[in-house]
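Here are some comments on the model, set out as numbered points. They start at the ligand and then turn to the sheets.

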Amino acid sequence: MSDLYNRHRAVLPEWLATYYREPIEITHGEGRYVWDADGNRYLDFFGGILTTMTAHALPEVTKAVSEQAGRIVHSSTLYLNRPMVELAERIATLSGIPDARVFFTTSGTEANDTALLLATAYRRSSQILAMRNSYHGRSFTSVGITGNRSWSPTGLSPLQTLYVHGAVRSRGPYAQLSDARFIEACVADLEDLLGHTHDAAALIAEPIQGVGGFTAPPDGLYAAFREVLDRHGILWIADEVQTGWGRTGDHFWGWQAHAENGPPDILTFAKGIGNGMSIGGVVARADVMNCLDANSISTFGGSPVTMAAGLANLTYLLEHDLQGNARRIGGLLLERLRAVGAHSPLVREVRGRGLMIGVELVKPGTDEANPEAAAVLEAAREGGLLIGKGGGHDTSVLRIAPPLSLNVAEAEAGAAIIEQALRAG
Ligand code: PMP
């Protein structure tokens, strides 16, 4: 074991898990590559958990950060902050939410916390509808709406949460139904649930579940839910922490696969926008955002250095059409991995959209989760590729989510390593 790992274990919490038998220390990166402290180079297909969105060490972001750091690092929201206003304007316009207001936080957790604060205050209800197999963060409130046992360290909660069916398409009681019937069944289930309860404040959902193993409902499910929610006055919160900024290729936001009945009332974002600088945030309709009747601030939220990074990163993303790149390269990678999966007894399903691809692993010849995902991760690392893992209580999934600037050669190289790793794992 490395000396650094021993020191890590001696001083950091046990539940702060690391990947690999011998965890690696990443010392630098460039483009889609990173290097460890021993000088090994890896193709990075996880981007620090979908956070290195454009590229490692993107010169435009580095320049914006260093120039802003040279001017002023922090002033607080008590004073006007030009980069914060500019980024808020751009996100408000991109969000698709009419008359939108934006509040910046420092993480996805805090963004979802804020969304819950807004929805519960607006609706004067502490009841939340969340999806089974969801993940929304690590705080007390966000754990209270996380329907994934591996990421739920306590069952105690300030909220009353009801878990709704529908985010996992290929398992569970409705798995055998057609898409249209699946949606009908989930809507009927939601209607039934609402008939038994008090007025809920909001439904929160990841359009494609991240931690849960890149699972999604058929397109249109949340639009169908929306119709029911509207009848009850219940708000819809889209957690776009993983699915935002064009990662899914087909859409800029994940909710746009469910757009028939309009945008969500509240949208939360984080991860990719700062390319690693800590930016999270909430976008909401003005009447929802402005419903709080007391002051509220995030001291570090909207800090000038992070906002400068976000502006430079977003500009690069849009100017280089990385959403289009995610669609094209993600399409190729998905096709290639489906071909690999078809020949591997370990693979139950290859699914995803854009550069957000899940490979669900089973024990050969069964539908049971294969707990050996770690061995495949290990083999991929040995082959020079970093990927992630995830899943729910009954699934084990490889998660593939490279920076959105991935090129064809890198996609091919990564797929070849995954193919090898599945043979070895
Ligand atoms: N929502 C989703 C969908 C996430 O994937 C995550 C992080 N994995 C969060 C919220 C929490 O974000 P953070 O870790 O920045 O607090």
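1. A polar side-chain atom of Lys 271 is placed 3.1 Å from a nitrogen atom of the ligand. This distance, like the other values below, comes from a predicted model. Taken alone, the ligand would expose 390 Å², of which the protein buries 83%.

2. Two further polar contacts deserve a look. Asp 239 has a side-chain N or O atom 2.8 Å from a nitrogen atom of the ligand. At Gly 108 the backbone is involved: one of its polar atoms is 2.9 Å from an oxygen atom of the ligand.

3. The residues surrounding the ligand are Ser 107, Gly 108, Thr 109, Asn 112, Tyr 135, His 136, Gly 137, Glu 206, Asp 239, Val 241, Gln 242 and Lys 271. By class, this shell holds seven polar, three charged and two nonpolar residues. Helix 5 (residues 108-123) supplies the largest share of the shell, with three residues.

4. Turning to the sheets, one is an open sheet of seven strands with mixed pairing, in the order 4-10-9-8-7-5-6. Its edges are strand 4 (100-105) and strand 6 (160-164), each of which pairs on one side only. On average, and ignoring direction, neighbouring strands of this sheet are turned by 20° against each other.

5. At one end of that order, strand 5 (residues 127-131) and strand 6 run parallel and are joined by five bridges. Met 131 has Val 164 of strand 6 as its bridge partner. Helix 4 (residues 82-95) packs on the sheet and touches strand 4, strand 9 (266-269) and strand 10 (280-285). The direction of helix 4 makes about 125° with that of strand 4.

6. Another open sheet has four strands, is antiparallel in its pairing, and follows the order 11-12-15-14. Strand 11 (347-353) and strand 14 (388-390) each have a single partner strand, so one side of each is left without a neighbour in the sheet. Here the average turn between neighbouring strands is 25°, direction ignored.

7. Within the four-stranded sheet, strand 12 (residues 356-361) and strand 15 (residues 397-400) run antiparallel, joined by four bridges. Glu 360 has Val 397 in strand 15 as its bridge partner. Helix 12 (residues 373-382) packs on this sheet, with contacts to strand 12, strand 14 and strand 15. Its direction makes about 170° with that of strand 14.

How values were computed:
Residues are numbered from 1 along each chain as its sequence is written. This is a predicted model: local features need pLDDT of at least 70, side-chain atom pairs count only at pLDDT 80 or more; totals for chains, interfaces and linings use all residues. Side-chain values use heavy atoms; hydrogens and water are left out. Two strands pair if DSSP finds at least two bridges between them. Helices (H or I, at least four residues) and strands (E, at least two) are DSSP runs, numbered from the N terminus. Axes are lines fitted to C-alpha atoms, for helices over the stretch in contact, and angles run from 0 to 180 degrees between N-to-C directions. Contact means heavy atoms within 4.5 Å. A residue is near a molecule or strand if one of its heavy atoms lies within 4 Å of it. A polar contact is a pair of N or O atoms within 3.5 Å; within protein, one must be able to donate a hydrogen and the other to accept it, and residues adjacent in sequence count only if both atoms are side-chain atoms. Accessible areas come from the Shrake-Rupley method with a 1.4 Å probe; for residues, only the protein chains shown count as cover. Ala, Val, Leu, Ile, Met, Phe, Trp, Tyr, Cys and Pro count as nonpolar, Asp, Glu, Lys and Arg as charged, and the others, Gly among them, as polar.
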